[in-house]
Amino acid sequence: MRKIQKAVIPAAGLGTRFLPATKATPKEMLPVVDKPAIQYVVEEAAAAGLSDVLMITGRNKRALEDHFDRNYELESALTRKGDDERLVRVQESSELATMHYVRQGDPRGLGHAVLCAEPHVGDEPFAVLLGDDLIDPRDPLLARMTEIQEREGGSVVALMEVAPEQIHQYGCAAVEATSESDVVRVTGLVEKPEPGDAPSNLAVIGRYVLDPAVFGVLRETEPGRGGEIQLTDALQQLAVDEKLGGPVHGVVFRGRRYDTGDRGDYLRAIVRLACEREDLGPDFRTWLRGYVAAEL
């Protein structure tokens with residue numbers, strides 16, 4: 001199997017759940033402590049060995065390109081001040097990976113966003129990372145997924161156990177066990193089922209490693225829920241008909257994940273990551289304990 005080198009990050013969404021903050025600022029640029037959320041995602045791809053990153057953007061997303069580009073004026077100002085620590089941090093974002101960008105002019109769902117990547121990806125397997133999902137770097141999910149894809153072929157989706165009453169918020173997988181406790185064979189997928197119709201409590205979360213055969217399936221996929229082309233529908237076809245480009249496996253993730261598209265989880269991510277920082281954590285934890293004690 002060919003080694004996976006390319007990652008695709010869909011980032012064309014409007015971020016309406018964070019209005020008015022996202023009226024003029026891309027939601028992916030909202031800070032999680034002192035880095036924009038999207039930088040954590042690119043860092044994850046780079047840490048998994050994916051050095052070629054394509055970002056699917058839209059109107060008013062120029063800030064994403066600027067963030068991962070050099071800023072010579074800022075770097076010169078920091079150099080003159082002798083502020084080497086901040087200079088290194090500013091330069092890090094432009095050195096993470098080779099970045100590419102394409103606009104999703106007519107946003108018609110995640111499947112359509114993935115289809116926009118076909119000219120860049122070609123006939124290679126590739127990863128898809130959704131910008132709303134932050135995976136703790138101590139829990140290397142993506143590296144495990146690429147390992148399974150390179151060994152088994154086909155496509156791999158990330159799965160997470162959720163409470164039955166929450167499954168309607170996710171794509172849901174029907175699965176068969178394998179000899180590995182964290183790997184399952186996906187036999188079917190359904191997008192946002194009602195709890196009584198869900199085949200399991202395994203939800204699809206925002207990491208995929210896809211066989212390029214998915215492009216052909218997506219081109220033939222009719223718009224589904226919300227009039228959008230759903231990636232879940234294409235993966236369902238690959239799961240039930242391996243001749244199209246299957247099989248589909250799932251990696252069951254039991255590590256730390258934050259949904260920064262949800263306001264509550266976004267705040268929890270900031271608090272936890274700030275508490276764990278060596279430079280910020282001690283003072284912040286002291287303040288937080290005092291605040292919680294006073295409020296209770």
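Which backbone oxygen lies 3.1 Å from a polar atom of the side chain of His 168? In this predicted model, the partner is the backbone oxygen of Glu 165. His 168 itself sits in the loop that links strand 8 (155–161) to strand 9 (171–177). Leaving aside residues up to four places away in sequence, His 168 touches Lys 192, Pro 193 and Pro 195. With a relative accessible area of 35%, His 168 is partly exposed, because that value falls between the limits of 20% for buried and 50% for exposed. The C-alpha atom of Val 8, a residue 160 positions away along the chain, is separated from that of His 168 by 26 Å.

Helix 7 comprises residues 141–152. Its 12 residues reach 17 Å from the first C-alpha to the last, close to the 16 Å expected at 1.5 Å a residue. Several residues of helix 7 are buried, among them Leu 141, Leu 142, Met 145 and Ile 148; the buried residues also include Arg 144, Thr 146 and Gln 149. Just after helix 7, Gly 153 adopts a positive phi of about 75°.

Other loops contain further backbone features. Between strand 1 (6–10) and strand 2 (31–32) lies Pro 20, and the peptide bond leading to Pro 20 from Leu 19 is cis, with omega near 5°. Val 33 occupies the loop between strand 2 and strand 3 (35–36). Although not a glycine, Val 33 has a positive phi, near 65°, and Val 33 is partly exposed at a relative accessible area of 24%. Asn 60, in the loop between strand 4 (52–57) and helix 2 (62–67), likewise has a positive phi, of about 65°, without being a glycine. Asn 60 is exposed, its relative accessible area being 61%.

Terms used: Residues are numbered from 1 along each chain as its sequence is written. This is a predicted model: local features need pLDDT of at least 70, side-chain atom pairs count only at pLDDT 80 or more; totals for chains, interfaces and linings use all residues. Side-chain values use heavy atoms; hydrogens and water are left out. Helices (H or I, at least four residues) and strands (E, at least two) are DSSP runs, numbered from the N terminus. Buried means under 20% relative accessible area, exposed over 50%, partly exposed in between (1.4 Å probe, protein chains only). Contact means heavy atoms within 4.5 Å. A polar contact is a pair of N or O atoms within 3.5 Å; within protein, one must be able to donate a hydrogen and the other to accept it, and residues adjacent in sequence count only if both atoms are side-chain atoms. The expected span of a helix is 1.5 Å times one less than its number of residues.
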